[in-house]
Amino acid sequence: MNWNSLFKKALKIFLGLFLVLFVLALILLTTVDHSPIEEQQFYKETFDRLEDIPFKTTLGETWTAGWSKSNMTPAKPIDLVGYAPRGSYEFVQDSSFVKALTLSNGKTQLAWLNFELLIVHPFLAKSIREAVEKANLPIAQLNFTATHTHSGMGGYMPGPLGEMAFGGFNQEIVDLMVEKSVLALRTAISLQDTVSIAYRKADARALVENRFIKNDPIDPFVRQLIFTKRDGKKATFLTYSAHATTMSSKFMGLSGDYPFYLVQNLEASEYDFALFAAGTVGSHRPLSFGNTPELVAKYAAALDSTIRIHMTQFATINRKEIGHGRLDISLREPHLRISDNLRIRPWLFKYLLGDTNAHLDFTLIGNTLLIASSGELSGVFYEKWEESARAKGLNLIITTFNGGYIGYITPDRLYDKHFHEVREMNWYGPGNGAFFDAMIEEIIAKVN
């Protein structure tokens with residue numbers, strides 16, 4: 001065979017490969033849509049829906065609350081979820097719990113479920129809701145929260161991406177979580193008693209920073225609701241915006257990261273029960289002392305001390321008013337990018353991730369408004385939202401991982417920066433930051 005024949009053969013192979021790759025690219029990839037969002041159908045649909053949501057409230061004569069937790073640590077090791085795929089945990093550093101908090105004003109019953117997990121997947125949330133309905137538990141609104149530990153267990157995320165990167169799927173694990181959730185809720189309801197409620201806010205800026213731009217805004221506050229029964233027993237629902245990433249990514253034990261140790265400290269001293277819900281953790285990282293269990297515990301102790309020492313606001317919630325609503329969100333086409341201007345096609349995104357359950361739940365407790373997001377909101381927005389709430393006489397508490405996950409919601413000015421959170425994890429494209437900013441401002445305005 002001469003050189004000319006070899007060249008022709010190589011050229012045919014090259015052209016064939018090029019054609020295959022070109023066709024695959026057409027099938028799998030498309031360009032980023034930079035068109036403005038305000039005039040698009042999904043934007044209009046969402047705000048029309050928000051305008052039509054009835055936000056009815058009830059006014060009772062007394063507050064009653066109950067709380068409980070249930071151990072959901074598996075009998076056998078399963079894959080860890082967080083950072084990158086690491087395989088099964090080798091030992092239990094911290095047991096994993098589901099925690100339930102219930103609240104009523106005698107006319108409307110609310111409940112929160114909290115998990116020591118990375119997120120609360122839509123499949124898990126749906127399974128729990130169905131079990132709660134089957135159990136006939138009297139709950140008008142059920143909210144989900146997570147500590148967002150990056151050293152928690154998997155097994156509850158179906159679909160190809162769940163199998164590849166998020167600990168796979170195990171129906172027995174889901175069944176365990178559902179069973180323990182219903183048990184915790186049932187117990188909390190049975191233990192409800194008269195309570196007083198207080199709102200508390202503390203400045204913990206020395207322990208958190210913006211992980212993108214050093215001098216960009218942060219949300220530095222720990223916000224708490226404190227429930228005190230007549231016998232003096234107390235529970236607290238608290239949020240903070242530092243990612244639960246103080247434990248090493250190479251650590252092979254099951255762990256709740258710093259929220260677990262913070263809760264342990266709180267329950268060893270002032271509180272009978274403490275529930276840590278991840279706040280606006282997008283863009284925020286902890287200023288930790290190290291990544292061993294001992295240094296993670298030290299960070300939690302420092303945060304505990306800060307909460308006690310640097311209080312900036314404390315007020316009793318006297319008005320026994322409860323209101324609640326849910327906004328289902330229509331979104332732009334998925335924008336999971338592989339480069340600045342290329343993204344995978346929506347059909348492939350949906351195949352890999354399945355349902356993302358995009359929504360916002362909002363709850364009014366007296367003069368305190370809680371907004372629960374299924375997206376990982378950035379704390380950069382918080383100061384603006386809190387000012388809007390304060391102008392209406394409202395305290396504002398924002399949580400994330402509410403039975404869905406739609407990626408990061410970060411300021412749009414960062415969209416073309418080469419940060420992991422805004423490149424690979426901002427799943428719904430340019431303008432998503434402004435979209436969520438407008439929705440939350442409208443929800444605040446909607447509350448009378």
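## An enclosed edge strand

All five of the five residues of β23 are buried, so this strand is largely enclosed by the rest of the structure. Keep in mind as you look around that this is a predicted model. Both faces of β23 are covered, with N395, I397 and T399 buried on one side and L396 and I398 buried on the other.

On the pairing side, β23 runs parallel to strand β21 (residues 368-373), and the two are joined over five bridges. To find the register, look for L370, which stands opposite I397 in β23.

## The five-stranded sheet

Stepping back, β23 belongs to an open sheet of five strands, in the order β2-β18-β20-β21-β23 and with mixed pairing. Its edge strands are β2 (57-59) and β23 (395-399), each of which pairs on one side only. From one strand to the next, the twist averages 15°. As a general reminder, strands of a sheet pair through backbone hydrogen bonds, either parallel or antiparallel.

At the β2 edge, the partner is strand β18 (residues 321-328), and here the pairing is antiparallel, over three bridges. A handy landmark is T58, which stands opposite I322 in β18.

## Two nonpolar cores

The largest nonpolar core holds 83 residues, and I371, F435 and F436 are the ones with the most contacts inside it. Which helix gives the largest share of this core? That is α5 (residues 171-190), with eight residues. There is also a second, separate core of 26 residues, which includes A204, I226, A242 and L303. In soluble globular proteins, nonpolar side chains tend to be buried together.

F435 is a good place to zoom in. Leaving aside neighbours within four places in sequence, F435 is in contact with I37, F42, Y43, T46, F47, I329, S330 and L331. Some of these names return when the rings are considered: ring pairs link F42, Y43, F47, F435 and F436 into a cluster.

## Aromatic pairs

The structure holds 21 aromatic pairs. In one of them, the rings of F115 and F144 have centres 6.5 Å apart and planes at 25°, so the pair counts as stacked. F115 lies in strand β7 (residues 109-115) and F144 in strand β8 (residues 141-146), so this pair ties together parts that are 29 residues apart in sequence. F115 counts as buried because its relative accessibility is 0%, and F144 counts as buried at 0% too.

Another pair to visit is F381 and W385. Their ring centres are 5.2 Å apart and their planes meet at 15°, so this pair is stacked as well. Both F381 and W385 are buried.

## Charges over rings

Two basic side chains are also worth a look. The charged end of K201 sits over the ring of F221, 4.2 Å from the ring centre. R337 lies over the face of Y415, at 3.7 Å from the centre of that ring.

## A buried loop residue

Finally, turn to A244, found in the loop between β13 (234-240) and β14 (253-254). Is this loop residue buried or exposed? With a relative accessibility of 2%, A244 falls under the 20% cut-off and therefore counts as buried.

Which residues does A244 touch, not counting those up to four places away in sequence? They are T147, H148, T149, H150, D257, Y258 and P259. K201, by comparison, is 43 residues from A244 in sequence and 20 Å away in space, C-alpha to C-alpha.

How values were computed
Residues numbered from 1 in each chain as written. Predicted model: local features only at pLDDT ≥ 70, side-chain atom pairs only at ≥ 80, totals over all residues. Heavy atoms only, no water. Pairing = 2+ DSSP bridges. Helix = DSSP H or I, 4+ residues; strand = E, 2+ residues; numbered from the N terminus. Axes fitted to C-alpha atoms, helices over the stretch in contact; angles between N-to-C directions. Buried < 20%, exposed > 50% of the residue type's maximum accessible area, 1.4 Å probe, protein only. Contact = heavy atoms within 4.5 Å. Core = buried A, V, L, I, M, F, W, Y, C linked by side-chain atoms within 4.5 Å. Phe/Tyr/Trp six-rings, centres within 6.5 Å; stacked < 30°, edge-to-face > 60°. Lys NZ or Arg CZ within 6 Å of the ring centre and 35° of its normal.
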